[in-house]
Amino acid sequence: MTEVSMAKEDVASTGDLVVLKSVNKHFGALHVLQDIDLTIARGEVVVVIGPSGSGKSTLCRTINRLETIDDGSISIDGKPLPHEGKELARLRADVGMVFQSFNLFAHKTVLENVTLGQVKVRRKDRKQAEERARTLLDRVGVGAQADKYPAQLSGGQQQRVAIARALAMEPKVMLFDEPTSALDPEMINEVLEVMQQLARDGMTMIVVTHEMGFARSAANRVVFMADGRIIEQAAPDQFFSNPRSDRAKDFLSKILHH
Ligand SMILES: Nc1ncnc2c1ncn2[C@@H]1O[C@H](COP(=O)(O)OP(=O)(O)OP(=O)(O)O)[C@@H](O)[C@H]1O
Ligand SMILES: [Mg+2]
């Protein structure tokens, strides 16, 4: 076992950060999340995979309350998700989210994109917020782009800005929903490397991705979903070499051999 994963276990032992209990959600007649029980420890990196339409994005969106749930409970760091108002804005800051589309503010510079939330939600002094923004932009390798507008950046650069923007809020957990699937192939690695580094630094992460290399090297656990349910979950080595369910076997044979 490497030093990195040892360190991660130490961090993880300090408690559960995200806890979903018996979560159900419908979209009309579609039962999109079915009795989801999922606990994510502090410092843990969980990769969620599964066929299209299995509920992966919906699962992510319920965790920062972009979607409501019908029943069950979700808590972050021991507190149930707030329903509205300032507390909800704070929750959204605690749960950083990076989507497939970069979702940056188009009419603000890169620096402003990473500064704004710190000032508005975290009530930071603007100068300090800008300093932190520059540090984070350097860390994800786009420090030189600070004064440009999002449209002037490549997709990979924009996605790294989106990661810096989420990190600027000092989130407790980061959710990634297919962060590299809209990128040209040559830009995928630069984003995955930033995510790998975050994982090594001990960030708690939930990552929906088709990048199985990332899952193998960065995840502590793979969660496989199909038809709104968690079908199985296991350490990556175990999951990829010995999937137990027919659904997972079938899914892996399709994605690993194309
Ligand atoms: N706002 C919505 N209203 C109605 N149905 C929805 C809504 N959002 C998602 N769905 C449906 O819920 C199911 C799960 O969707 P979801 O986006 O969570 O799947 P996914 O696993 O992320 O799929 P993909 O791999 O294609 O991104 C799908 O059948 C989808 O059509
Ligand atoms: Mg999705």
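# Asking why: strands, helices and salt bridges

Tutor: Strands β3 (residues 45–49) and β8 (residues 204–208) run parallel as a pair, joined over four bridges. This is a predicted model, in which local features need pLDDT of at least 70 and side-chain atom pairs count only at pLDDT 80 or more, while totals for chains, interfaces and linings use all residues. Residues are numbered from 1 along each chain as its sequence is written, and side-chain values use heavy atoms, leaving out hydrogens and water.

Student: What makes β3 and β8 a pair?

Tutor: Two strands pair if DSSP finds at least two bridges between them. β3 and β8 have four bridges, so they qualify under that rule. Within the pair, Val45 stands opposite Met205 in β8. The strands themselves are DSSP runs of E, at least two residues long, and helices are runs of H or I, at least four residues long; both are numbered from the N terminus.

Student: Which sheet holds them, and what is the strand order?

Tutor: The sheet is open and has six strands, ordered β6-β7-β8-β3-β9-β10, with mixed pairing.

Student: Why are β6 and β10 said to stand at the edges?

Tutor: β6 (95–98) and β10 (229–234) each have a single partner strand, so one side of each has no neighbour in the sheet. From one strand to the next, the twist averages 20 degrees.

Student: What packs on the sheet?

Tutor: Helix α6 (residues 155–168) does, touching β6 and β7 (173–177). Contact here means heavy atoms within 4.5 Å. The direction of α6 makes about 170 degrees with that of β6; such angles run from 0 to 180 degrees between N-to-C directions, and axes are lines fitted to C-alpha atoms, for helices over the stretch in contact.

Student: How do you know that the length of α7 agrees with what a helix should span?

Tutor: The expected span is 1.5 Å times one less than the number of residues. For the 16 residues of α7 (residues 185–200) that gives 22 Å, and the end C-alpha atoms are 23 Å apart, so the two agree. Just after α7, Gly202 takes a positive phi of about 95 degrees.

Student: Why is the contact between Arg160 and Glu190 called a salt bridge?

Tutor: The rule asks for a side-chain nitrogen of Lys or Arg within 4 Å of a carboxyl oxygen of Asp or Glu. Arg160 and Glu190 meet at 2.9 Å, N to O, so the pair passes. Arg160 lies in α6 and Glu190 in α7, so the bridge ties together parts that are 30 residues apart in sequence.

Student: Why is Arg160 called buried or exposed?

Tutor: Buried means under 20% relative accessible area, exposed over 50%, and partly exposed in between, using a 1.4 Å probe and protein chains only. Arg160 has 10%, so this residue is buried. Glu190 has 24% and is therefore partly exposed.

Student: What other salt bridges are there, and how many in total?

Tutor: The count comes to 12 salt bridges. One of them joins Arg247 and Asp227 at 2.9 Å, N to O. Arg247 lies in helix α10 (residues 246–256) and Asp227 in the loop between β9 (221–226) and β10, so this pair links parts 20 residues apart in sequence. Arg247, at 36% relative accessibility, counts as partly exposed.

Student: What makes Arg42, Asp77, Asp94, Arg122 and Lys172 one network?

Tutor: Salt bridges that share partners join these five residues.

Key
Chains are lettered from A and ligands numbered from 1 in the order in which they are written.
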